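Could you walk me through this structure, one selection at a time? I have the viewer open and would like to know what to click on next.

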Amino acid sequence: MKFRFAAAAFLLFVAAFVALGAAQPGDLVFFHASGGHVYHVAIYAGHGMVWHSPYPGKHVEKVHVFGRVTYGRVPSGAAGEAAASRVADLTAAIAQERAAS
């Protein structure tokens with residue numbers, strides 16, 4: 001589970017902040033706990049909706065944005081490719097962790 005939070009925090013670090021009024025489908029939505037740390041990331045679907053998987057093993061679903069959130073956009077080009085590569089690495093680590101448990 002620690003990798004899931006690390007991936008969320010990493011995406012927040014590389015994403016450029018986007019104001020709610022400027023959010024576009026495909027932008028990232030970061031869910032913040034009361035302490036401020038990011039515990040979940042979803043994909044903005046537009047019109048106040050997000051695509052997300054609420055927990056491992058649950059299918060992806062489209063729901064209304066909920067809780068305390070900020071919006072971000074991962075830049076295209078080299079920075080975006082580096083972020084995508086790092087997220088892929090973290091995703092593989094999550095899969096390995098699940099397989100081991």
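Here is a tour that starts with the whole chain and then moves from site to site.

**Before you select anything**

This is a predicted model, in which local features need pLDDT of at least 70 and side-chain atom pairs count only at pLDDT 80 or more, while totals for chains, interfaces and linings use all residues. Residues are numbered from 1 along each chain as its sequence is written, and side-chain values use heavy atoms, with hydrogens and water left out.

**Stop 1: the whole chain**

Show the protein as a cartoon and you will find two helices and six strands. Helices here are DSSP runs of H or I with at least four residues, strands are runs of E with at least two, and both are numbered from the N terminus. Their order along the sequence is α-β-β-β-β-β-β-α.

Now colour by pLDDT, the predictor's confidence in each residue from 0 to 100. The average for the protein is 79, and 73% of the residues score at least 70. Confidence is lowest in helix H1 (residues 2-14), with a mean of 58, and highest in strand S5 (residues 61-64), at 94.

Switch to a surface view next. The accessible surface is about 6200 Å², and carbon and sulfur atoms hold 63% of that; such areas come from the Shrake-Rupley method with a 1.4 Å probe, and for residues only the protein chains shown count as cover. Of the 101 residues, 29% are buried. Buried means under 20% relative accessible area, exposed means over 50%, and partly exposed is in between (1.4 Å probe, protein chains only). As for contacts (heavy atoms within 4.5 Å), take those with a separation of 6 or more: residues 24 or more positions apart account for 50% of them.

**Stop 2: Asp27 and its salt bridge**

Select Asp27, in the loop between S1 and S2. Is Asp27 buried or exposed? Asp27 is buried, with a relative accessible area of 4%. Leaving aside neighbours within four places in sequence, its contacts are Val18, Ala22, Ala42, Ile43, Tyr44, Gly72 and Arg73. Measure in your viewer from C-alpha to C-alpha and Ile43 should come out 5.9 Å from Asp27, though the two are 16 residues apart in sequence.

Add the side chain of Arg73, which meets that of Asp27 in a salt bridge (2.6 Å, N to O). The term covers a side-chain nitrogen of Lys or Arg within 4 Å of a carboxyl oxygen of Asp or Glu. Arg73 lies in strand S6 and Asp27 in the loop between strand S1 (16-18) and strand S2 (28-32), so this pair ties together parts 46 residues apart in sequence. Unlike buried Asp27, Arg73 is partly exposed at 31%.

How many salt bridges does the rule find? The count is two, and the other one to select is Glu61 with Lys58, at 4.0 Å, N to O. Glu61 is partly exposed at 26% relative accessibility, and Lys58 is partly exposed at 36%.

**Stop 3: the aromatic rings**

Next, display the rings. Three aromatic pairs turn up in the whole structure. Rings of Phe, Tyr and Trp (its six-membered ring) pair if their centres lie within 6.5 Å; planes under 30 degrees apart are stacked, over 60 edge-to-face, and the rest tilted.

Phe31 and Tyr39 make a tilted pair, 6.4 Å centre to centre with 55 degrees between the planes. Phe31 is buried at 0% relative accessible area, whereas Tyr39 is partly exposed at 32%. Move on to Tyr44 and Tyr71: their ring centres are 5.5 Å apart and their planes stand at 85 degrees, so this pair is edge-to-face. Tyr44 lies in strand S3 (residues 38-46) and Tyr71 in strand S6 (residues 69-73), so the pair ties together parts 27 residues apart in sequence. Both Tyr44 and Tyr71 are buried.

Before leaving the rings, add Phe66, which ring pairs link with Phe31 and Tyr39 into a cluster.

**Stop 4: out to the surface**

Select His47, in the loop between S3 and S4. His47 has a positive phi of about 55 degrees although it is not a glycine, and it is exposed at 80% relative accessibility.

Finish with Trp51, in strand S4 (residues 49-52), which is partly exposed at 41%. Together with Ile43 and Val60, Trp51 forms a nonpolar surface patch of about 300 Å² accessible area. Patches are made of residues with over 30% relative accessible area and no salt bridge, with like charges joined within 9 Å and nonpolar side chains (Val, Leu, Ile, Met, Phe, Trp, Tyr) within 5 Å.
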